[in-house]
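Here is a set of short questions to work through with a structure in view. Try each one before reading on.

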Amino acid sequence: MGTVATVTLYLPEPLRTYGGGIAELPMSAGTVQAVLDDLERTRAVLYRNVCDETGAVRRHLNIFVNADNVRDLGGLQTRLKDGDVITIVPAVSGG
Amino acid sequence: MADRVMLTIGTKKGVFVAEAAKARRSFALRGPFGPGIPVYSTLIATKGTPTLYASSCNPFFGMKVLRSTNMGKSFTETKSAPAFPKDDGRALINIWSIEPGNGRKELWCGVEPASLFRSQDGGDSWEMVPGISNHEHARKWNPGNGGLCMHTIIRDGNRVHLGISTGGHYLSEDGGQTFKPSNTGVGAGFQPDPYPEYGQCVHKIARHDDAPGRLYMQNHGGWAAWTGPGGPRPDIGVLRSDDYGHSWRSIAKGLPSDFGFPIVVHPHDADTVYVMPLEPATRTCPGGAPGVWRSENGGDSWSRLAKGLPKKESYFTILRDAMTIDDLKTPALYFGTTTGQLWIGREGGEKFECLFDALPPIHNVKVAVV
């Protein structure tokens, strides 16, 4: 059993309507995956905006822990520590 | 009393609503709703209080269904959108069609990857229809350029016709419980076997209540010059069935191209059908001069309708759901272009006029008199 950290999940503006209108959600989780699992349990509609039916993070979303994209860290298994800020950011794309 | 003509216009940047009096002299535009997000399908449900639906296909945050109960003055998200069961392994990519069911709040929805969903509560909850979504062929279909989409749902009593690109035409005769491929006479140009059991790139199917058993199909044509295995396959693009979709025959003779996307039937004459031929390589208007082609004898012959349309230098595409016709006594045809123009063809297409000249690229157009 890993350590559980007290972290903050930062939601971009388009997701706030699914998160009760707030920008920052305090959470307790040991990994980024645990943050998503918590969302699936407690905020299913918000979770569905972040992950598809298979549980994969949607293709055009990036997840950062502080300033680093999780793909450059340990992916969804990236360990979290107290005070970390997890940010969900839509990719810059489209036209 | 129904006295307003309502258009829903699904675009790359949201859904617009245009409204006019029955004379259709001018339309007032509202929107975009769901701004910035592509809308691939819309529906104006006219049973009871008119309700407008739009699929908001968000590439970042997933699929939503938008609903309006105030004639398109505002839209809100339904409580949920179609979704595959968690253990299915597939994830929704797009929503390509929303059609009405029997009940006032019943909806049928075709999605990508090609599957069928049904709602009994106006889109707040959805269940997958397993007879086609888990069909033994479903994992063998291949996506076309637009994706692996279920774009056509036609209900006719206990019959349900589905158009899948590229899966072909599937038919249920038990209300949607079970489906079989029904593609006899439907050609495919992108594989050695010109007439496979399934896997055709059907673009659109249409029918009329007054002609039981008859269906029209715009298939993926443009294969007359193919010289590879299986040989050339001319005129496979525009087809007709007279036996409820069990078999099909070509009605493409006389058209400048058998490639196109939409096919539309006149509301008061099952023998009158409209297509929009496109050059198969570029998928744009032949010679840069757009024209709707109309048959008034069920596809035996065709004539070009282009009065009011540009005569040159117009290279737009009209997508599969971007042409429709209203059901007023003298109906008007409507089509939207990938260059963002919405055209009206008054008097059944005799005279065209551009209603809106600079919308975002148009994916679909629906009309109803409400």
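The questions below go through a predicted model, from the contact between chains to sheets and salt bridges.

Q: How many residues of chain B are in contact with chain A?
A: Contact here means heavy atoms within 4.5 Å. On the chain A side, 16 residues take part. Their partners in chain B number 15.

Q: What area do chain A and chain B bury between them?
A: Carbon and sulfur atoms carry 52% of the buried area. The total for chain A and chain B is about 1300 Å².

Q: Which residues form the salt bridge between chain A and chain B?
A: The rule finds one salt bridge across this interface. It needs a side-chain nitrogen of Lys or Arg within 4 Å of a carboxyl oxygen of Asp or Glu. Here the N to O distance is 2.7 Å. The pair is B:K86 and A:E40.

Q: Which helices of chain A each supply at least two residues to the side that touches chain B?
A: Between the two chains there are six residue pairs in polar contact. Two helices of chain A each supply at least two residues to its side of the interface. They are helix 1 (13-16) and helix 3 (44-50).

Q: How many charged residues are on the side of chain A that touches chain B, with B:K86 and A:E40 in a salt bridge across the interface?
A: The salt bridge of B:K86 and A:E40 spans 2.7 Å, N to O. By class, the side of chain A that touches chain B has six nonpolar and five polar residues. The charged residues there number five.

Q: Which strands stand at the edges of the sheet with the order 4-5-6-7 in chain B?
A: This open sheet has four strands, with antiparallel pairing. An edge strand has a single partner strand, so one of its sides is left without a neighbour in the sheet. That describes strand 4 (39-45) and strand 7 (76-77) of chain B.

Q: Which residue of strand 5 of chain B stands opposite B:V39?
A: Strand 4 of chain B and strand 5 (residues 51-58) of chain B run antiparallel and are joined by five bridges. Opposite B:V39 in strand 5 stands B:S56.

Q: Which residue is the bridge partner of B:F117 in strand 11 of chain B?
A: Another open sheet of chain B has the order 8-9-10-11. Its edge strands are strand 8 (94-100) and strand 11 (127-128). Strand 10 (residues 115-119) pairs with strand 11 in the antiparallel sense over two bridges. In strand 11, the partner of B:F117 is B:M128.

Q: Which residue of strand 23 of chain B stands opposite B:V292?
A: In strand 22 (residues 292-295) of chain B, B:V292 and B:R294 point one way, B:W293 and B:S295 the other, and all are buried. Strand 22 pairs with strand 21 (residues 273-275) over three bridges. Three bridges also join strand 22 to strand 23 (residues 303-305). In strand 23, the residue opposite B:V292 is B:L305.

Q: Which residue makes a polar contact of 2.6 Å with the side chain of B:D271?
A: B:D271 is found in the loop between strand 20 (263-265) and strand 21 of chain B. The residue is partly exposed, with a relative accessible area of 29%. Beyond its neighbours within four places in sequence, its contacts include B:Y216 and B:S295. The 2.6 Å side-chain contact is with B:R214.

Q: How many residues apart in sequence are the parts tied together by B:E99 and B:K366?
A: The side chains of B:E99 and B:K366 meet in a salt bridge of 3.9 Å, N to O. Both residues are buried. B:E99 lies in strand 8 and B:K366 in strand 28 (residues 362-369) of chain B, so the pair ties together parts whose separation in sequence is 267 residues.

Q: Is B:K253 buried or exposed?
A: The side chain of B:K253 meets that of B:D235 in a salt bridge of 2.5 Å, N to O. Exposed means over 50% relative accessible area. B:K253 has 59%, so the residue is exposed.

Notes: Residues numbered from 1 in each chain as written. Chains lettered and ligands numbered in written order. Predicted model: local features only at pLDDT ≥ 70, side-chain atom pairs only at ≥ 80, totals over all residues. Heavy atoms only, no water. Buried area = accessible area lost by both parts, 1.4 Å probe. Polar contact = N/O pair within 3.5 Å; in protein donor to acceptor, adjacent residues only side chain to side chain. Nonpolar A, V, L, I, M, F, W, Y, C, P; charged D, E, K, R; others polar. Buried < 20%, exposed > 50% of the residue type's maximum accessible area, 1.4 Å probe, protein only. Pairing = 2+ DSSP bridges.
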